[in-house]
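The following report describes the fold, the packing and some local backbone features of a single protein chain. Terms are defined where they are first needed.

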Amino acid sequence: MLTCSKVYKDIPFAHRQPLHKGHCSKIHGHNWSIIIEFEAKELDANGFVVDFGNLKYIKAFIDEHLDHACLFSKEDSQVQDLSQSEFKDLFKILWVDNASCEGIAQFLFETFSQLVKEKEAGRVSIRSLKLYEDEKNFVSYAPKS
Ligand SMILES: [Zn+2]
């Protein structure tokens, strides 16, 4: 099985962990990086696993939904209140099941897998996704392994 990987670096967005007892409960940002590992049973006519030039839909998703956004857990009642308040325009909110690095990695894996499936007609899939909060901390999600 051949794989190839694409790196998206320095994507600024915020999150918080409402149940955390420490500073992770505060809304804070990182310059995140995403590494997507693609796999294909057969290469395309160019001999590629995936044509990096054809991945503009992933960059478009990042620009539209992640860049300068706040990722919050759907169960975060304080942020739900905030999103209904007079301050709602201060935030570009993306709701996820769990706004931990682990939860965001899983969300991105599933979101990008669906996009890749649609755009690549099922020939290509995502094998793993790594999500870096910073240079020192990252999560890897690979549900099939
Ligand atoms: Zn954080």
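Helices (H or I, at least four residues) and strands (E, at least two) are taken as DSSP runs and numbered from the N terminus. On that basis the protein chain contains three helices and six strands, arranged along the sequence in the pattern β-β-α-β-α-β-α-β-β. The model is predicted: local features are reported at pLDDT of at least 70 and side-chain atom pairs at pLDDT 80 or more, while totals for chains, interfaces and linings use all residues. Residue numbers start from 1 along each chain as its sequence is written.

## Overall dimensions and contacts

Along the principal axes, the C-alpha atoms of the protein chain fill a box of roughly 55 × 30 × 25 Å. A residue is called buried if 20 or more other C-beta atoms lie within 10 Å of its own, exposed if 12 or fewer do, and partly exposed in between, with C-beta atoms placed from the backbone. By this criterion, 21% of the 145 residues of the protein chain count as buried. Two residues are in contact if their C-beta atoms, placed from the backbone, lie within 7 Å. Among contacts in the protein chain with a separation of 6 or more, 61% are between residues 24 or more positions apart.

## The sheet

Two strands are regarded as paired if DSSP finds at least two bridges between them. The six strands form an open sheet with mixed pairing, in the order β4-β3-β1-β2-β5-β6. Its edge strands, β4 (93–96) and β6 (138–141), each pair on one side only. Neighbouring strands of this sheet are turned by 35 degrees against each other on average, direction ignored. For these angles, axes are lines fitted to C-alpha atoms, for helices over the stretch in contact, and the range is 0 to 180 degrees between N-to-C directions.

Strand β1 (residues 2–15) pairs with strand β2 (residues 28–40) in the antiparallel sense, over twelve bridges. Within this pairing, A14 stands opposite G29 in β2. Strands β5 and β6 also pair in the antiparallel sense, over four bridges, and a hairpin of five residues joins β5 to β6. K130 has S140 in β6 as its bridge partner.

## Helices on the sheet

Helix α1 (residues 56–66) lies across β1, β3 (69–73) and β4, and runs at about 15 degrees to β1. Helix α3 (residues 101–119) lies across β1, β2, β3, β4, β5 (124–132) and β6, and runs at about 155 degrees to β5.

The expected span of a helix is 1.5 Å times one less than its number of residues. With 19 residues, α3 reaches 26 Å from its first C-alpha to its last, close to the expected 27 Å. The buried residues of α3 are C101, I104, A105, F107, L108, F109, F112 and V116.

L115 also lies in helix α3, but counts as partly exposed because 16 C-beta neighbours are found inside 10 Å. Not counting residues up to four places away in sequence, L115 touches Y57, I58 and F61. By contrast, the C-alpha atoms of L115 and Q80, 35 residues apart along the chain, are separated by 28 Å.

## The nonpolar core

A nonpolar core is a set of buried Ala, Val, Leu, Ile, Met, Phe, Trp, Tyr and Cys residues joined through C-beta atoms within 7 Å. The largest such core has 25 residues, of which I104, A105, L108, L129 and L131 touch the most other members. The elements that give two or more residues to this core are β2, β3, α3 and β5. Helix α3 supplies the largest share, eight residues. Leaving aside neighbours within four places in sequence, L108 is in contact with I34, L129 and L131. In soluble globular proteins, nonpolar side chains tend to be buried together.

## Positive phi values

Most residues other than glycine have a negative phi. The table lists two residues other than glycine with a positive value.

| Residue | Phi | Location |
|---|---|---|
| D10 | near 55 degrees | strand β1 |
| A121 | near 55 degrees | loop between α3 and β5 |

D10 counts as exposed because it has 9 C-beta neighbours inside 10 Å. A121 counts as exposed because it has 8 such neighbours inside 10 Å. In the sequence, A121 follows α3.
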